[in-house]
Amino acid sequence: MTGTPGMNDMYAAADFDIELRLLIEAIYLKYSYDFRNYSPASMKRRVAHALQQFDCETVSQLQHRVIHDADCFPALLQYLTIPVSEMFRDPGYFKALREQVLPILHTYPTIKVWIAGCSTGEEVYSMAIMLKEEGLLERAIIYATDINPHSLQKAEAGIYPMESMGLFERNYALAGGTRALSDYCTSAYGSVLFDKQLRRNVTFADHSLATDSVFSEVQLISCRNVLIYFNKALQNRAFGLFHQSLVHRGFLGLGSKETVQFSDFASQFEAFAKVERVFRKT
Ligand SMILES: C[S@@+](CC[C@H](N)C(=O)[O-])C[C@H]1O[C@@H](n2cnc3c(N)ncnc32)[C@H](O)[C@@H]1O
């Protein structure tokens, strides 16, 4: 390993890859969280970042802690899952749902919506507010699922930092909001608390698109900015669940960089609002 510039780095990178696979396997065997089919590039970035935070020199050191220190894995999960979200993220998406999808959902006596990978809940409150404004919340059931229990707790609490409200308000207006977002929350001590009536019909639950199965038949699935972290095989698994879960002609909303188009399920969905990434089961 001497004499050739960059050689050590190359070996280090190869070792990192080996140790990363072992870490992912250890997590699966010990905690049943399955990251084996996540995109390698993003797993590498996240674990490299975690190494610094956990003060570990190698992935093997981190693996040792994950196995032997019960507090380590819940903390590591925060780095592996990217709990980042915002209300009415990509306002055009929510506008398309409001203007094009909800009028169709109005024709059902009751509607079920599944928000898969809901993170800390911003997408859930956005959806609930929109359903309320369109007169659908009373007859809606929303399933909000994620693999990160800490994020789910935050989602259920519905408390967000006051400084996020400027962005949330702007997104809400661009998404066709008909009131002021502040009408739906109260503020105290630098935080805002969303009205608990909004989550009256929301069930928050632990559910993994990598290992769990379908649990209900729904008219609309919103799964945004989750599939970008999956490899193709895992994306296909998720699309299979969505296809099974959706009613005939049900809707699937994805993130701005995600599509069903090049998956095994391409022919079983049609683009409904193409730019906004809303698809419809054929
Ligand atoms: C970047 S956040 C997206 C949040 C929200 N959907 C949005 O677009 O603002 C990705 C979320 O996917 C969740 N996630 C990752 N793997 C998952 C899996 N296998 N099943 C369900 N959710 C998963 C993470 O815990 C995280 O909360």
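Where is the place of alanine 175? Alanine 175 is in the loop between helix 8 and strand 4. Helix 8 covers residues 165-174, and strand 4 covers 185-188. Keep that loop in mind; I'll return to it. One caution before I go on: this is a predicted model.

Let's start with the ligand. How many residues surround the ligand? The count is 20. The closest are Tyr38, Ser85, Arg89, Glu123 and Asp146.

Now the polar distances. Take serine 85. An N or O atom in the serine 85 side chain is 2.6 Å from a ligand oxygen. Next, arginine 89. Here too a ligand oxygen is involved, 2.6 Å from an N or O atom of the arginine 89 side chain. Then glutamate 123. This time the ligand atom is a nitrogen, and an N or O atom in the side chain of glutamate 123 is 2.6 Å from it.

How much of the ligand does the protein bury? Taken alone, the ligand exposes 600 Å². The protein buries 98% of that. And where does the ligand sit? In the largest pocket.

What about the classes in the shell? Around the ligand there are eight nonpolar residues, eight polar residues and four charged residues.

On to the loops. Look between helix 1, residues 7-31, and helix 2, residues 40-53. Aspartate 34 is in that loop. Is aspartate 34 buried or exposed? Its relative accessible area is 12%, and the cut-off for buried is under 20%, so aspartate 34 counts as buried. What does the aspartate 34 side chain contact? It makes a polar contact with the side chain of arginine 36, at 2.9 Å.

Serine 32 is in that loop between helix 1 and helix 2 as well. Check its backbone. Phi of serine 32 is near 65°, a positive value, and the residue is not a glycine. Serine 32 is partly exposed, because its relative accessibility is 49% and exposed requires over 50%.

There is another positive phi to flag. Isoleucine 82 has phi near 50°, again in a residue other than glycine. Where does isoleucine 82 lie? In the loop between helix 4, residues 72-81, and helix 5, residues 91-105. Isoleucine 82 counts as partly exposed, at 28% relative accessibility.

Staying with helix 5, glutamate 99 is found there. Glutamate 99 is partly exposed, with a relative accessible area of 49%. How far is glutamate 99 from threonine 211? Their C-alpha atoms are separated by 34 Å, and the two residues are 112 apart along the chain.

Back to the opening loop, then. Alanine 175 has a relative accessible area of 0%, so alanine 175 is buried. Compare its position with threonine 203. The pair are 28 residues apart in sequence, and 24 Å apart in space, C-alpha to C-alpha.

Aspartate 183 is also in the loop between helix 8 and strand 4. Why does aspartate 183 count as partly exposed? Because its relative accessibility is 43%, and partly exposed covers values between the 20% and 50% cut-offs. Aspartate 183 and phenylalanine 194 are 11 residues apart in sequence. In space, their C-alpha atoms are 9.2 Å apart.

Last stop, a strand. Phenylalanine 251 is found in strand 8, residues 246-254. Phenylalanine 251 is buried, because its relative accessible area is 1% and buried means under 20%. How far apart are phenylalanine 251 and glutamate 134? In sequence, 117 residues. In space, 17 Å from C-alpha to C-alpha.

To wrap up. The ligand sits in the largest pocket, and the protein buries 98% of the area the ligand exposes when taken alone. Serine 32 and isoleucine 82 each have a positive phi. In the loop between helix 8 and strand 4, alanine 175 is buried, whereas aspartate 183 is partly exposed. That's it from me.

Technical notes
Residues are numbered from 1 along each chain as its sequence is written. This is a predicted model: local features need pLDDT of at least 70, side-chain atom pairs count only at pLDDT 80 or more; totals for chains, interfaces and linings use all residues. Side-chain values use heavy atoms; hydrogens and water are left out. A residue is near a molecule or strand if one of its heavy atoms lies within 4 Å of it. A polar contact is a pair of N or O atoms within 3.5 Å; within protein, one must be able to donate a hydrogen and the other to accept it, and residues adjacent in sequence count only if both atoms are side-chain atoms. Accessible areas come from the Shrake-Rupley method with a 1.4 Å probe; for residues, only the protein chains shown count as cover. On a 1 Å grid over the protein atoms alone, a cavity is a set of points where a 1.4 Å probe fits but cannot get out, and a pocket is an open set with protein on both sides within 12 Å along at least five of seven lines; lining residues have an atom within 4 Å of a point. A molecule sits in a cavity or pocket if more than half of its atoms lie within 2 Å of its grid points. Ala, Val, Leu, Ile, Met, Phe, Trp, Tyr, Cys and Pro count as nonpolar, Asp, Glu, Lys and Arg as charged, and the others, Gly among them, as polar. Helices (H or I, at least four residues) and strands (E, at least two) are DSSP runs, numbered from the N terminus. Buried means under 20% relative accessible area, exposed over 50%, partly exposed in between (1.4 Å probe, protein chains only).
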